[in-house]
Amino acid sequence: MVGSQMMAREMKQSIHNLFSRDQVPAADGNSETVQILKDYYIPDYVLLPESETEQGFSVPECPVIVFINSKSGGQLGGELLVTCRSLLNRNQVFDLGEKTPDKVLHQLYFNLEKHKKNGDNLSAEIQRKLRIVVAGGDGTAGWLLGVVSDLKLAQPPPIATMPLGTGNNLPFSFGWGKKNPGTNHQSVKAFLDQVKDAKEMKIDSWHILMRMRAPKEGACDPIAPLDLPHSLHAFHRVSPSDEMNEEGYHTFRGGFWNYFSMGMDAQVSYAFHSERKLHPEKFKNQLVNQTTYAKLSCTQGWFCASLMHPSSRNIAQLAKVKIMKKPGEWIDLHIPRSIRSIVCLNLPSFSGGLNPWGKPSKQKLHSRDLTPPYVDDGFIEVVGFRDAWHGLILFAPKGHGTRLAQANRIRFEFNKGGADHTFMRIDGEPWKQPLPMDDETVVVEISHFGQVSMLANTHCQSRSINAPYSPSSAEDDDDGYNSNEDALEEEGFEERKKLGAADTFRLPEDFDVAHLS
C-alpha cells in the first residue's frame, strides 16, 4: 500500500516536472524543441476535475484559456490547435468541436473556488488575471461572449478574438485584424504577447426578442441554411417553461454584440452559408470566400431589384419601425421607401471591416441630434441601404450608409401580409424567418442588455465613452458622401434573464461546428 502511494506521488511529480521544464519536444515529432510559455501557463490541478491542490507553481503573468474552432479558416483552425497545445498546457486549449465552452468554464470556476477555499493563492491570482482567447469567426466569438454573459460572474474574464472567419468584424473592431493569422510557433507567441498587453474595454450587449401568434398552418421557426442550427447564441424559440413564453404565441430570443440586420444583405449571407454547406471544398480560402460572396450579391438581386425574390422588397413595405431614446417613449422612425436593408450596429465593423455609420462631423451630430458612436454608451446606430451600389459608398473616403437613428431600443412591427418571410442576420449568422400571413402582431424588439469585457489591441477601431479621444479612432468630418440623409428628417417585455433561449448557449445534439465560420 505504502509502495503504491509512493509510486503515485513519483508519477505525479514526474508529470509536474514535465510541464515545469522550459522546453518540451515539438508537437510534430521533429528534433526541434519548443519553449513552454510560462507567462500563460495554467497547471493541471486547476483545470481538471477532482484534482487536489498542489504547490510549487509560479503565478503566470497572463493566464489564458484558449478556445479554437478547428473547422474555421480551412485547415488553419486545426493547425492552430496543434501549435497552441505545444506551447501551453494542452488541457488549457480546447477544440470547440469536442468540448463546449459553458461546460469548460463551469468546471474551471468550480475548481478555482474550491482551491481558493483551501487557501491556494495561485488559484486566486489565476482567477483575477484570467483572459480568454477565442479563435474562429464572428459566430464563434459571439458564442463565447454569450456563455460568459450567462455565467454572471462577479469578475468575468475579458475576451480576445483571433480572426479565423470570412468577415472577422469582431476581431477587426478591437484591433486584432481581418486576415487569418499565422499558425506557427512564432506567430502564436506574438499574438499571446499582444493579449498580455491588451487593454480591457466594455461593450454593450443587445437582446433581441420576437413574438408572434402561433400560425393556423405551417411553422414559423427560424430556418437556418439547409435547416441546420445557424448559431449557438443567435435565435431560438424559448421553452414552454420559460417565463417569457406566452400561451398561443411563438416567442424567440437571442443576443448580439456587433449587429442585427434584416433585408437583402441577410438574404445574400444566407445564400453564401447555404452554398458553403453544400460545397465545403470550395471554401478553404478567405479570398475565395469573399469573391464568392460578391458573386452571390449579384445573383440574389442585391445590385438591382429582383422580380424573382419578393423578399427583396423594401423595409417600409415589410414593417413599421419604432425607436426609443428615452425610457417609455416610443417614436415612429421614418424609413425611406428605397431602403431594402437595415442594420442595427453596435461596433464600427460590418461586412469585413466597413463602417456603415462612418464618422459624423460635429456639425452633423449637432444638426441631427446625434451623439458620437461609442460601443459602451447604451445606444445602437441604425443604418439603411438601398442596394449593393449604395453599399459601395463605404469603400470611399468618408463614405457611409443612410443614418436613420440612434436608439436604446428599436421595434419592428411587421405589416399583415407584407411578405411570407424575410431574412435576418445576427453577427454574421443568417436565417430565413417565415412570417404568418394572418397575424397582425409579429414584433421584433431589440433592447440593451448589460455589457461584456473585450480585449482591445493597439489598432482598436472601437471607441469607448470613457476614452473618447483615442488616437486610433479620431473623428473625421464626412461632408463628402452623405447618402442623401439630410432629406430624412416605458413599455417593454419582462426582465431578460439570459441572452440565449437555452440555459446557456449549448450545442444541439446534431450540431456541426463546421458551419460556424
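This passage describes the overall make-up of a predicted model, and then its salt bridges, one of its cavities and several individual residues.

The chain is built from 13 helices and 19 strands. Of its 517 residues, 56% count as buried, and the accessible surface of the chain amounts to about 22,900 Å², with 52% of that area belonging to carbon and sulfur atoms. The count of disulfides in the model comes to zero. Two of the cysteines may be described in terms of their accessibility: Cys62 has a relative accessibility of 3% and therefore counts as buried, and Cys460, with a relative accessible area of 6%, is buried as well.

A search of the whole structure for salt bridges finds nine. One of them joins Lys189 to Asp193, with the closest N and O atoms 3.2 Å apart. Both residues of this pair belong to helix 8, where they are separated by four residues, or about one turn of the helix. Neither partner falls in the buried class, since that class is kept for values under 20%: Lys189 is partly exposed, with a relative accessible area of 38%, and Asp193, at 23% relative accessibility, also counts as partly exposed.

A further salt bridge is formed by Arg409 and Glu445, whose closest N and O atoms are 3.2 Å apart. Because Arg409 lies in strand 16 (residues 409–414) and Glu445 in strand 19 (residues 443–456), this pair ties together parts of the chain that are 36 residues apart in sequence. Both partners are buried, as Arg409 has a relative accessibility of 10% and Glu445 has one of 0%. Glu445 also meets the side chain of Arg411 in a salt bridge, at 3.3 Å from N to O. This second pair again links distant parts of the chain, with Glu445 in strand 19 and Arg411 in strand 16, 34 residues apart. Arg411 is buried, as is Glu445. Through salt bridges that share partners, Arg409, Arg411 and Glu445 are joined with Lys322 and Glu413 into one network.

Helix 8, which holds the pair Lys189 and Asp193, also takes part in the lining of a cavity. The second largest cavity of the model has a volume of about 40 Å³, and the residues that line this cavity are Val66, Cys84, Val133, Ala135, Met162, Val188, Phe191 and Leu192. Strand 5 (131–136) and helix 8 (185–197) are the elements that give two or more residues to the lining, and helix 8 gives the most, with three residues. By class, the lining consists of eight nonpolar residues, with no polar and no charged residues among them.

Two buried residues in the earlier part of the sequence illustrate how positions that are separated along the chain are placed in space. Leu37 is situated in the loop between strand 2 (33–35) and helix 2 (44–47), and counts as buried at 7% relative accessibility. The C-alpha atoms of Leu37 and Leu88 are separated by 6.1 Å, although these residues are 51 residues apart along the chain. Tyr45 is part of helix 2 and is likewise buried, with a relative accessible area of 1%. From Tyr45 to Leu112 the distance in space is 9.6 Å, C-alpha to C-alpha, while the two residues are 67 residues apart in sequence.

The backbone geometry of two loop residues remains to be described. Most residues other than glycine have a negative phi. Glu50, by contrast, has a positive phi, near 60°, and Asp369 likewise has a positive value, near 55°. Glu50 is located in the loop between helix 2 and strand 3 (64–68), where it is exposed, with a relative accessible area of 78%. Asp369 is placed in the loop between helix 12 (362–368) and strand 14 (380–385), and this residue too is exposed, with a relative accessible area of 59%.

Technical notes: Residues are numbered from 1 along each chain as its sequence is written. This is a predicted model: local features need pLDDT of at least 70, side-chain atom pairs count only at pLDDT 80 or more; totals for chains, interfaces and linings use all residues. Side-chain values use heavy atoms; hydrogens and water are left out. On a 1 Å grid over the protein atoms alone, a cavity is a set of points where a 1.4 Å probe fits but cannot get out, and a pocket is an open set with protein on both sides within 12 Å along at least five of seven lines; lining residues have an atom within 4 Å of a point. Grid points are joined across faces, edges and corners, and a volume is the space filled by probe spheres set on the points. Ala, Val, Leu, Ile, Met, Phe, Trp, Tyr, Cys and Pro count as nonpolar, Asp, Glu, Lys and Arg as charged, and the others, Gly among them, as polar. A disulfide is a pair of cysteine sulfur atoms within 2.5 Å. Buried means under 20% relative accessible area, exposed over 50%, partly exposed in between (1.4 Å probe, protein chains only). Accessible areas come from the Shrake-Rupley method with a 1.4 Å probe; for residues, only the protein chains shown count as cover. A salt bridge is a side-chain nitrogen of Lys or Arg within 4 Å of a carboxyl oxygen of Asp or Glu.
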